Amino acid sequence: KLCMGFRTSENIKSEKYAQAILYNTIFGGSATSKLFNNVREKLSLCYYVSSNLDRLKEIMIVRSGVELENFKKAYDEILAQQKQMCDGDFTSEDIDAAKKYLAFKKSSSIIANFAFSNARLLFSAAVSGRHHEAAVLLRCSLQATREHSYADTRRRIRIPEDNHLHR
């Protein structure tokens, strides 16, 4: 395993933290990232590679699964990709793909958090014998999740509201 750390000088309270998130997504935070496409796919130097920001410690960590014989090549290529990013070697398509990925990740997180918080209420109601309340909560939770997912999908792929095929 190869782990590398980079100082970012950006934490969750920084004005440029949103830019750091976008940078990380393009660099190694998604399946369309520079690290994934170049180090893993194109050069086949590792089994996996990704980067993550630490919101509090102002660092970005790169992790990859590397065979010993590819260690130096993978290390050098990760540094080369990082230098290219710092030099601005990415396209508007890279930025758009990163924004779409982050929007999808955010909407998925909202649905998961909503479902989890309602699951606790459901469990509490069911255990205490309030079965009717549990059933109502479940119906409301499923309906809200369906509506959020439907609205989010409609917004992402821009389906007109008057399209009766998707109702």
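## A walk through the structure, starting from its rings

Two aromatic pairs are found in this structure, which is a predicted model. A pair of aromatic rings is described by how far apart the centres lie and by the angle between the planes. For Phe-6 and Phe-27, the ring centres are 6.5 Å apart and the planes stand at 90 degrees; an angle over 60 counts as edge-to-face, so this pair is edge-to-face. The pair also ties distant parts of the chain together, since Phe-6 sits in strand β1 (residues 2-7) and Phe-27 in helix α1, 21 residues apart. Are these two residues buried or exposed? Both Phe-6 and Phe-27 are buried. Tyr-23 joins them as well, and ring pairs link Phe-6, Tyr-23 and Phe-27 into a cluster.

With that cluster as a landmark, let us step back to the whole chain. The secondary structure of the protein chain amounts to five helices and three strands. Read from the N terminus, the order of the elements is β-α-α-β-β-α-α-α. The protein chain has 167 residues, of which 29% count as buried. Consider next the contacts between residues at least 6 apart in sequence: 61% of these join residues at least 24 apart.

Now for the helices, beginning with the one that carries Phe-27. Two packed helices are described by the angle between their axes and the distance between those axes. Helix α1 (residues 17-27) and helix α3 (residues 71-86) have axes that come within 11 Å and cross at roughly 135 degrees. α1 and α3 are therefore oblique to each other. The crossing in which α1 passes α3 is right-handed. Which residues of α1 and α3 make the contact? From α1 come Tyr-23, Ile-26 and Phe-27, and from α3 come Ile-78, Gln-81, Gln-82, Met-85 and Cys-86. Sorted by class, the residues of this contact of α1 with α3 are six nonpolar and two polar, with no charged ones. You may recognise two names here: Tyr-23 and Phe-27 take part in this contact, and they also belong to the ring cluster with Phe-6.

Helix α3 has another partner to visit. α2 and α3 pack with their axes 10 Å apart and at an angle of about 150 degrees. Angles over 145 degrees count as roughly antiparallel, and α2 and α3 are therefore roughly antiparallel to each other. Here too there is a right-handed crossing, with α2 passing α3. On the α2 side the contact is made by Lys-34, Leu-35, Asn-38 and Val-39, while α3 supplies Glu-77, Ile-78, Gln-81 and Met-85. How many nonpolar, polar and charged residues does this contact of α2 with α3 have? The count is four nonpolar, two polar and two charged residues. Ile-78, Gln-81 and Met-85 of α3 appear in the contact with α1 and again in the contact with α2.

Two single residues are worth a closer look. Ile-21 lies in helix α1. With a relative accessibility of 29%, Ile-21 counts as partly exposed. Setting aside residues up to four places away in sequence, Ile-21 touches Leu-53 and Leu-102. Ile-21 and Met-60 are 39 residues apart along the chain, and their C-alpha atoms are separated by 10.0 Å.

The other is Tyr-75, in helix α3. Its relative accessibility is 33%, so Tyr-75 counts as partly exposed. What does Tyr-75 contact, leaving aside its neighbours within four places in sequence? Its contacts are with Leu-2 and Met-4. From C-alpha to C-alpha, Tyr-75 and Ser-64 are 9.6 Å apart in space, with their positions 11 residues apart in sequence.

The tour ends in the loops, with two backbone angles. Ser-44 is placed in the loop between α2 (34-42) and β2 (48-54). Although Ser-44 is not a glycine, its phi is positive, at about 50 degrees. Where is Glu-58 found? Glu-58 is in the loop between β2 and β3 (59-65). Glu-58 also has a positive phi, near 60 degrees, in a residue other than glycine. Since its relative accessibility is 28%, Glu-58 counts as partly exposed.

Terms used:
Residues numbered from 1 in each chain as written. Predicted model: local features only at pLDDT ≥ 70, side-chain atom pairs only at ≥ 80, totals over all residues. Heavy atoms only, no water. Axes fitted to C-alpha atoms, helices over the stretch in contact; angles between N-to-C directions. Helix = DSSP H or I, 4+ residues; strand = E, 2+ residues; numbered from the N terminus. Parallel < 35°, antiparallel > 145°, perpendicular 65-115°, else oblique. Left-handed = near helix turned anticlockwise from the far one by under 90°. Contact = heavy atoms within 4.5 Å. Nonpolar A, V, L, I, M, F, W, Y, C, P; charged D, E, K, R; others polar. Phe/Tyr/Trp six-rings, centres within 6.5 Å; stacked < 30°, edge-to-face > 60°. Buried < 20%, exposed > 50% of the residue type's maximum accessible area, 1.4 Å probe, protein only.
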